[in-house]
Amino acid sequence: MKFNFALIFSLVLAVGLVSLAFTISQSSSEKERLAGELEAKTIRVSEDFYKSYLKDLSKGDSINLKKITNRTIEQHRLLGIAIYYTPDSIIAVDSSVRDFIPSSLDYIAQAISADSSMGNIIRVNGKNVYEYIKLFPANSAIVFYTDASYIQNLIQAIWLRNFMRWFIQAMVVSLITVLIIRWSIFTPINRILLWVKAARAGNVSEIKSPTPSSFLSPLYQEITQIAHAMHEAKAMASEEARLRTTSEAIWTPERLKEEVKKIVGNKMMVVVSNREPYMHIHAGKETKLIKPASGLITAMEPILNACGGLWVASGSGDADKETVDAHDKVKVPPEDPKYTLRRIWLTKEEENHFYYGFSNEGLWPLCHIAHTRPIFRKEDWDDYKKVNEIYARAVIEEIKDETEPFILVQDYHFTLLPQLIKKARPDARVAIFWHIPWPNAESFGICPWQKEILDGMLGADLIGFHTQYHCNNFLETVSNALESRIAWENFSVRIGDHTTLVKPFPISIAFTLKDFDNKQLPNTTAVELLKEQGISAEFMGIGVDRIDYTKGIIEKFFAIERFLEKYPEYEGRFTFVQIGAPSRTLLKSYSDLVNEVEIVADRINWKFKSKNWKPILLLKRHHDHEEIIPYYQCAHVCMVNSLHDGMNLVAKEFIASRNQDNGTLILSRFAGASQELNGATIVNPYDIEQTADAIKYCLEMPEEDQRHRMRHMREVIVGHNIYFWAANLIRTMSTIPR
């Protein structure tokens, strides 16, 4: 209330000062105008009178003068006329001007002395009178008196009128301003208070509500960060208390940070990958920040968020160059920077040969047994080597002032990088993590440059795969291709005086006890989600994949078709939602696959479709994590149908989203996740009959069985989350003998 009064007073004062200045200016100019008009009129009358009656004035005949002056006074509405001959001879032609004469004597004398007619305002008996002194020969003068009081009356009227206008304006402006401020500022601020209270109470859904006013968006973002920090701190405190009580060892960001601090100390942490964790793109006239869909990013970013450091990656957004500093760096995440992103710029030709060519037409199909022939070209290999050298120079530049930095190289794009870094910086601890499968030795042996690739990878101190099976395949490949000593008892390779450990590190997601214990109900249902797409169905399945020939999307659709053929009672009741992000569409094999996926989906839909229902809903675009979560939470079954996969984090993300411990997972036995998630229904994706039966089995699984299986899988993920993975990897790096 005090603020309202202070605001109103300030507004009234401000409007009053403006009105005062305006009124002073207006009254001054109006007064000058009226005085000028009065002077001009009186001068004109005096000139006419002087010309007409000069002879009568010279004679001094008072009787005759009285007649002619009375006529002039009446005609021009004067107060009177006086004739001055000498100080002792003043004729007051009209008795009403006798009181004016004493006030006029000094002015008459000044006019005669200056030999110039003049006019001025005199005040007589509280009344303003304008006198004009007109000289005529023999130092005589005729004085014309005109009423000037109307000027003051008009000026007073202006002041009164402007005061009323000011008062009304001030009241209206004050009222409108107070209402606007209460609506546009106080209401959002009160909403912010509710956010903070929600954070203190642990109500995350309230914290995520949109900002009530765009101009408060920066403040909202800062307070949201504080709110999340408060919520996380509270959750972590509760989690730590629970861990102390149960003697469990669940990994959290804070625990990882402390572990890394203990192991790494002040040494620099560097992650190297092809794909960047954040990219800037043009969206109309604005620049938009997006987070690319990638299991690698899902896995690696929580590590740098917890530990800080540097991420080196290719700049792929069309606005990336506009957002970096002079050293091609940008702090991320933008709302709460935790680490630095260094962007590498590749030419279109380098990208075509390095990424699309050797990496994705050569190594990708070579390592995935999905019956797609790998293609190896000399020009692709040359640019692959060139890009690895570009990255090596960038990393070496960044670590030039660092002692024993930790370098985490990611995936098959950079097989040559470990050796290049190690040659320049033998003190650096270098690891490469292989996110895809490693095939058997015979399959990998068809690569023309297998020795160069193996030499480059073995420059690392540690090579990590998802499973022991992939480690074994790699060691057998090295044994067949290179002269080396392989110690199978500790899974290491020694070439010359350098030893490389080869270990399994099953990668995971950021899932902690806080997430595990969250039992908040989904905001929607499967029926409502499908209804938004114009579909009426009782049961919903979900699949989330890049459109890639390794993901078994076509086989998945064939299984759904067979399921509906074998169990027609589910027609009109079951719809499978396939979220498919197009990928690498510049490659013919991928663009053909996108077309094939659409054709198969359309054929099956045409075969079974009825009013307001179809069996397959293909959502063919990139969806961010927030868009996918409702489908994960509401689906009755999730299908991960990989024909060959390193791990597949979609399976783990689906399990993490099931905070009601319900739902079922159909998982390919060719995905690395199948070795950990024993509660899933494991299938051979090539066996269409088996997969079709698995869909029915999962849809009809009793809720008690669902909860038992899902809870067990959630416990596995929370116990082996990404923080556990990172700590295990970094701890292993640190224990390698120098």
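**View 1. The hairpin that joins strand β10 to strand β11 in the predicted model.** In this predicted model, a hairpin of 6 residues leads from β10 into β11. Strand β10 covers residues 329-332 and strand β11 covers residues 339-344, and the two run antiparallel, held in register by 4 bridges. One of the pairings to look for is that of Val332, whose bridge partner in β11 is Tyr339. The two faces of β10 can be told apart by their residues, since Val330 and Val332 form a covered face, whereas Lys329 and Lys331 form an uncovered one.

**View 2. Strand β21 and the strands on either hand, β18 and β22.** Strand β21, made of residues 637-640, is covered on both faces, with Val637 and Met639 buried on one side and Cys638 and Val640 buried on the other. Strand β18, residues 539-547, pairs with β21 in the parallel sense over 2 bridges, and Gly541 has Val637 of β21 as its bridge partner. Strand β22, residues 664-668, also runs parallel to β21, and here 4 bridges join the two strands. Val637 appears again in this second pairing, where its bridge partner in β22 is Thr664.

**View 3. The crossover from strand β21 to strand β22.** The parallel strands β21 and β22 are joined by 4 bridges, with Thr664 of β22 serving as the bridge partner of Val637. Between these two strands the chain passes through helix α21, residues 649-657, and the resulting β-α-β crossover is right-handed.

**View 4. The packing of helix α18 against helix α19.** Helix α18, residues 553-566, and helix α19, residues 588-608, have axes that come within 10 Å and cross at roughly 10°. Because angles under 35 degrees count as roughly parallel, α18 is described as roughly parallel to α19. On the side of α18 the contact includes Ile553, Ile554, Phe557, Phe558 and Leu564, together with the charged Glu561 and Glu565, while the residues that α19 brings to the contact include Leu593, Val597, Val600, Ile604 and Phe608. Taken over both helices, the residues of this contact divide into 11 nonpolar and 5 charged, with no polar ones.

**View 5. The chain as a setting for the close-ups.** The secondary structure of the whole chain amounts to 24 helices and 23 strands, and 51% of its 738 residues count as buried. Among the contacts between residues at least 6 apart in sequence, 71% join residues that lie at least 24 apart.

Conventions: Residues numbered from 1 in each chain as written. Predicted model: local features only at pLDDT ≥ 70, side-chain atom pairs only at ≥ 80, totals over all residues. Heavy atoms only, no water. Buried < 20%, exposed > 50% of the residue type's maximum accessible area, 1.4 Å probe, protein only. Pairing = 2+ DSSP bridges. Right-handed = clockwise from strand over helix to strand, strands pointing away. Axes fitted to C-alpha atoms, helices over the stretch in contact; angles between N-to-C directions. Parallel < 35°, antiparallel > 145°, perpendicular 65-115°, else oblique. Contact = heavy atoms within 4.5 Å.
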